[in-house]
Amino acid sequence: MTPLLTVNLLRVLFVTFCATIGASVSAALEGNAWPGLILGIVLGLVIVLIDRLLKGFSLRAFSSATFGLLLGMLFANLLFASDILHYQPETTQWVARLIVYTTFAYLGMMLAMRSNRDEFSLIIPYVRFTRETTQHEPLILDTNVIIDGRIADLCATGFLSRSLIVPRFVLGELQALADSRDPIKRERGRRGLEILNQLQNSPDVELTIHESTGDEHDVGVDARLVRAAKVLQARLLTNDNALCQVARLQQVPALNLNDLVRALRPVVVVGDEIELSLVKEGREHHQAVGYLADGTMIVVNHARPQLGKTTTVIVSSALQTTAGRLIFAELKDGANGGTPPVSSR
């Protein structure tokens, strides 16, 4: 049973309970159960409506508001303890108390809800709240990073948080892709669903399907992802550069999987020896080309006879181009047949 269905079932049971209690009380007092039944149903529906209006109000916000309310009431009590209105009429005192208590309560709640945990230590000096480490902060996954497939292996390493969140609209997008008539989209959607099943069955991952609200269908998926990250106070994991930039502009922590790949790209310097498989001919008649595991191209001079083989090469120079990094190398131990190595670009 999905969480949304469970919540709706509890709401129905609560309204039914209110109606039953109202009917029982009305039947005992007046001998007619209908007025109490109707009143109970109305009361239950009003409470459910209040619950719906407070759907974005978390337990943390409620505790902060309660703390702020208590502080506001305390300051109001301290103000009136001075008997500043002692010589005023009773009606004036009552109105002044109402205004002061309401004002201080409101200001206290607003200030407390806008404050973070560390700021509470200014009021309670000897209390320190435990800070959640980055390792345990939840991550929201977008559609592209799920289909990418590397997220499963990355989570297994333990470098990322164990708590992963997939919004319901992302799951719906994957289902739509899996049911598409386009074979490429259909394959991508099925791959994404397989990755999610793999993550859900993994003992190293806590995967949660977050139920999104139903009034955001007119908003794009990227905007809904950023909004969900704000509400859940989670980081966004993606491989979409544009989405990552939009999230960071809105002060939402975002992790770009492509940035991680670039950071882990092996650094090749002049003089390094590399075992390289030469897979194709180079631009010059004597060159052969191979690739590193990350796709970096290495041009090996005087290696045309070694084409199709794996051989040891020595890095001679590197060139940064608009398309990426281009590395030049020479064969080791004079494997070029006695021709002196000449760097060609």
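A salt bridge, as I use the term here, is a side-chain nitrogen of Lys or Arg within 4 Å of a carboxyl oxygen of Asp or Glu, and in this predicted model the count by that rule comes to five.

Let me begin with R248 and D259, whose closest N and O atoms are 3.8 Å apart, forming one such bridge. R248 lies in helix 10, residues 241–249, and D259 in helix 11, residues 257–263, so the pair ties together parts that are 11 residues apart in sequence. R248 counts as partly exposed at 43% relative accessibility, and D259 is likewise partly exposed, with a relative accessible area of 31%.

Strand 6 brings us to two further pairs. E273 meets K332 in a salt bridge at 3.0 Å, N to O, and because E273 lies in strand 6 while K332 lies in the segment after strand 10, this pair ties together parts that are 59 residues apart in sequence. E281 meets R304 at 3.8 Å, N to O; E281 is also in strand 6, whereas R304 sits in the loop between strand 8 and strand 9, so here the parts are 23 residues apart.

Turning to the interior, the largest nonpolar core has 37 residues, with I140, L141, I146 and L196 among those having the most contacts inside it, and helix 7, residues 168–178, gives the most to this core, with five residues. A second, separate core of 14 residues includes V268, I274, I298 and V300.

Finally, on the surface, a nonpolar patch of about 830 Å² is made by residues including W34, I38, I50 and L54; of these, I50 lies in helix 2, residues 33–53, and counts as partly exposed at 43% relative accessibility.

Methods. Residues numbered from 1 in each chain as written. Predicted model: local features only at pLDDT ≥ 70, side-chain atom pairs only at ≥ 80, totals over all residues. Heavy atoms only, no water. Core = buried A, V, L, I, M, F, W, Y, C linked by side-chain atoms within 4.5 Å. Buried < 20%, exposed > 50% of the residue type's maximum accessible area, 1.4 Å probe, protein only. Helix = DSSP H or I, 4+ residues; strand = E, 2+ residues; numbered from the N terminus. Patch = residues over 30% accessible without salt bridge, like charges linked within 9 Å, V, L, I, M, F, W, Y side chains within 5 Å. Areas by Shrake-Rupley, 256 points an atom, 1.4 Å probe, with all protein chains shown as cover.
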